[in-house]
Amino acid sequence: MLITGAGGGIGRAIVELAVERGHSVIAHDLKPGSLADLRGVETITGDLTSKDHLRLLGRRVADEPLEAVVASHGIAGAVALADVDERRSRAILTINASTVPALFEAVREPLTRSHGTYVAVSSQASLRAERENAVYCASKWAVTGWVRAMAAGQAEGPTVRALCPGRTETPLFVAATEAIAAAQGQTVEAYNKDIHDLIPLRRFATTRETASLALYLATQPRGAAPTVVANSGGEVPF
Amino acid sequence: MSPVRSDAQLSGNVIRIGPVDGVVDAPEPLCVVALGYGEVEDSFHVWVTETNVELFERLRELATGAPREEKRLIAVLVTEPPGGRANPDAVAAVESVRGAVLSLAVELGPAVRLNIVVARQAADAAQVLRYLASPDADYVTGSTFDLRETA
């Protein structure tokens, strides 16, 4: 199983859970050093926006019995339209959206041979409109739309699915929460309570909960799990 | 340099991004941003990433530029990319613009009315654009008019 974004909160949790459950894992991330403390996995670092790196990655897994690829890499992108700049919007769209079908092409052959599954970790932001988050929404709507069309159009080849997580307690999410609360002159507790009130379950997802659903989607045979699943605590009914 | 930037053209109150076939009719006070998609090698990247980068640039200029007294009225016209709904890259292109436009409609509030029209070709959208420019559509924002469903 190849898992990208493995240095980050959700990706790392997927790797750890996959290892715990006995899967053979290749963990991928952009940043050298971000995978140094992962145990029991092969690690690869590189830039998924680079065609050369995708070719290398494809060659590495070409002869593997690849049961699944979980594309959980990505970057945050909350920005108001007035503050959008070309460089930032291109980065958000390229990393969050363009790399998803590009990675799929790089691993399509071994995944097809193994009757494997390609899981794109999208977002609850792909299921609704969000203010001051339009670029990120554009990137995630693209991913979920692409997954749906791929699933509908190919009877052969890898199974393709999307996971749409809600607010998950990753280190980046916690840091962002603290920054927003401070900017609004609130305590983190008061800010979180306001956000919890938007979520029927009144809490954020743990990384393990989100990882668990990703692994479920990655390991179910075609027809045994939906193409798109939300994990939002009810914040975005789907 | 963006592969779609060079195609961005302003004509009256119509901005074209990418190759848009046919006449785009934008009755005052409506401003239309018309998106077209040609056959390209890396279609997902060009249609999703590069087209949206250009769209955000144009919408930022239109929606957050110099203050105006009247409300801004904008329609984003998406002409369906090659392959239509059978092509995952084309689906992603249309969905990405919907995600962008609908989110911006929520963000920009009453100062800007912003809608999206999806059509097989620009000419198919003429009636809808006339409607969106009329007072009858004053409560319509953040809506998708998908004309492919009625074709």
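## Helices 2 and 3 of chain A

Let's start with a helix pair inside chain A: helix 2 (residues 51–61) packs against helix 3 (residues 86–113) at an angle of about 20°, and their axes are 9 Å apart. This is a predicted model, so local features are described here only where pLDDT is at least 70. Because angles under 35 degrees count as roughly parallel, helix 2 of chain A and helix 3 of chain A are roughly parallel to each other. Their crossing is right-handed.

Which residues bring the two helices together? Helix 2 of chain A contributes A:Leu54, A:Leu57, A:Gly58 and A:Val61, while helix 3 of chain A offers A:Ala102, A:Leu103, A:Ala106, A:Val107 and A:Pro110. By class, the residues of this contact are 8 nonpolar and 1 polar, with no charged ones. The polar one is A:Gly58, since Gly counts as polar in this scheme.

## A covered strand in chain A

Strand 6 of chain A, which spans residues 159–165, is mostly covered, with 7 of its 7 residues buried. Is one face buried and the other exposed, or are both covered? Both faces of strand 6 of chain A are covered. One side carries A:Thr159, A:Arg161, A:Leu163 and A:Pro165, and the other carries A:Val160, A:Ala162 and A:Cys164, all of them buried.

Strand 6 of chain A also has a partner: strand 5 (residues 117–121) of chain A pairs with it in the parallel sense over 5 bridges. If you would like a spot to look at, A:Ala120 has A:Ala162 of strand 6 as its bridge partner, and A:Ala162 is among the buried residues of that strand.

## Where chain A meets chain B

A further helix pair joins two chains. Helix 4 (residues 134–153) of chain A and helix 1 (residues 43–64) of chain B cross at roughly 160°, and their axes come within 11 Å. Helix 4 of chain A and helix 1 of chain B are therefore roughly antiparallel, and the crossing is right-handed.

On the chain A side, the contact uses A:Ala134, A:Val135, A:Ala138, A:Ala142 and A:Trp146 of helix 4; on the chain B side, it uses B:Phe44, B:Val48, B:Asn52 and B:Phe56 of helix 1. These contact residues divide into 8 nonpolar, 1 polar and no charged.

## Chain B as a whole

How many helices and strands does chain B have? It has 3 helices and 6 strands, and along the sequence they follow the pattern β-β-β-α-β-α-β-α-β.

Of the 151 residues in chain B, 60% are buried. Among the contacts in chain B with a separation of 6 or more, 64% link residues 24 or more positions apart.

Technical notes: Residues are numbered from 1 along each chain as its sequence is written. Chains are lettered from A and ligands numbered from 1 in the order in which they are written. This is a predicted model: local features need pLDDT of at least 70, side-chain atom pairs count only at pLDDT 80 or more; totals for chains, interfaces and linings use all residues. Side-chain values use heavy atoms; hydrogens and water are left out. Axes are lines fitted to C-alpha atoms, for helices over the stretch in contact, and angles run from 0 to 180 degrees between N-to-C directions. Helices (H or I, at least four residues) and strands (E, at least two) are DSSP runs, numbered from the N terminus. Angles under 35 degrees count as roughly parallel, over 145 as roughly antiparallel, 65 to 115 as roughly perpendicular and the rest as oblique. A crossing is left-handed if the near helix is turned anticlockwise from the far one by less than a right angle, and right-handed if clockwise. Contact means heavy atoms within 4.5 Å. Buried means under 20% relative accessible area, exposed over 50%, partly exposed in between (1.4 Å probe, protein chains only). Two strands pair if DSSP finds at least two bridges between them.
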